[in-house]
Amino acid sequence: MKGKILINAYLDSREYLYEAERLFEEFEKLGVDVSVVRLDKYPAIISDGKISIDFFADFFVYLDKDKYVLTMLEKSGAKVFNNARAIQTCDDKMSTYIALSDSGVPMPKTLPGILCYNQNEKIKEKNIEKIEKELAYPLIVKESYGSLGKRVYLVKNREELLITLETVKTKPHLLQEFVEESRGRDLRVIVVGQKYVGAMERFSDVDFRSNVGAGGKGRKADASDEIKNLSEKIAKILNLDYCGIDFLYKDGGVTVCEVNSNAYFFTFEKVTGINVAKNFAEYILSVLK
Ligand SMILES: Nc1ncnc2c1ncn2[C@@H]1O[C@H](COP(=O)(O)OP(=O)(O)O)[C@@H](O)[C@H]1O
Ligand SMILES: [Mg+2]
């Protein structure tokens, strides 16, 4: 059996490359022939109306969120981890909340953003009033696509809200209740094959965001059975083979912040001592058997 670990053409941070290296290592230990392939040089094409792709394998671990090559691989019958639909649902934070809604999964009060197609459009007073009626200040504005805490804004008053809406109004975004109790702190849970693997608490003394990329630190954490069950339920609803779920602390329990189909596990493996790559590789082989 041959597998390929596909990585983005441009990303090359240590944390990103670590994932591919670790998976490669664990597959090798399991006697599986894998290689790491960068999605360079436009490896897929539609020509004469037909898909052709430069490589094939029995399975692909897709460590990218770029959907086109992935959906082309799937359409060509390849076995991919994660699947394209799951990655796309997670990539768009608002779509994640919609997918998880009406299933008993706790999540912060959230308004889908109103998209402007023209940067010159003036934000309407009645729309601001609706936000203020549903969500008190401070509140969170988030671009639907973003990671590492980079496109998440804490807004303290109307003036800041207007400034922030100006920067996000032409991009998919959402408005959300700020969960004060969880300021600078969250719980990252890794789930593989819809089974709970482990948890890490992330905390920051310098920012409301706890992302490791934004100055947050991680430490090993224990999750209650309730959180474990909730995590597995979320992975199942979203049909994810692998994910990292961010939970905010609320009222003695948790509420979902976001689900990462492509969660980095560099810090997670370091602070928890849990072998995520081995878990993921073994799971993939169990599915392919
Ligand atoms: N509604 C919220 N209330 C409190 N903190 C939040 C809220 N949403 C996000 N955060 C903080 O911001 C961080 C980044 O937000 P998140 O939605 O996970 O985006 P990203 O994809 O950039 O990690 C979270 O880990 C959390 O610390
Ligand atoms: Mg996050």
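**Exercise 1. How much space lies in the largest pocket, and which residues lie nearest its centre?**

Before starting, note that this is a predicted model, in which local features need pLDDT of at least 70, side-chain atom pairs count only at pLDDT 80 or more, and totals for chains, interfaces and linings use all residues. Residues are numbered from 1 along each chain as its sequence is written, chains are lettered from A and ligands numbered from 1 in the order in which they are written, and side-chain values use heavy atoms, with hydrogens and water left out.

Step 1. On a 1 Å grid over the protein atoms alone, a pocket is an open set of points with protein on both sides within 12 Å along at least five of seven lines, a cavity is a set where a 1.4 Å probe fits but cannot get out, and lining residues have an atom within 4 Å of a point.

Step 2. The largest pocket holds about 940 Å³ of space, a volume being the space filled by probe spheres set on grid points that are joined across faces, edges and corners.

Step 3. Its lining has 35 residues, and K65, S147, L148, N262 and Y264 lie nearest the centre.

**Exercise 2. Find the residues that coordinate the magnesium ion, and state whether they are buried or exposed.**

Step 1. Donors are N, O and S atoms within 2.8 Å of the metal (3.2 Å for Na, K and Ca), and sites may look incomplete because water is not among the atoms.

Step 2. D246 (OD) and E258 (OE) coordinate the magnesium ion (ligand 2) at 1.9 to 2.2 Å.

Step 3. D246 belongs to strand β14 (residues 242–250) and E258 to strand β15, so the pair ties together parts that are 12 residues apart in sequence; strands (E, at least two residues) and helices (H or I, at least four) are DSSP runs, numbered from the N terminus.

Step 4. Both D246 and E258 are buried, where buried means under 20% relative accessible area, exposed over 50% and partly exposed in between (1.4 Å probe, protein chains only).

**Exercise 3. Locate the largest cavity with respect to the domains.**

Step 1. The search finds two cavities of 30 Å³ or more, and the largest cavity has a volume of about 310 Å³.

Step 2. Its lining comprises 25 residues, of which K142, V152, R209, L248 and C257 are the closest to its centre.

Step 3. Because domain 2 (89–105 + 182–288) and domain 3 (110–178) both give residues to this lining, the largest cavity lies between them; the domain bounds come from an automatic or database domain assignment.
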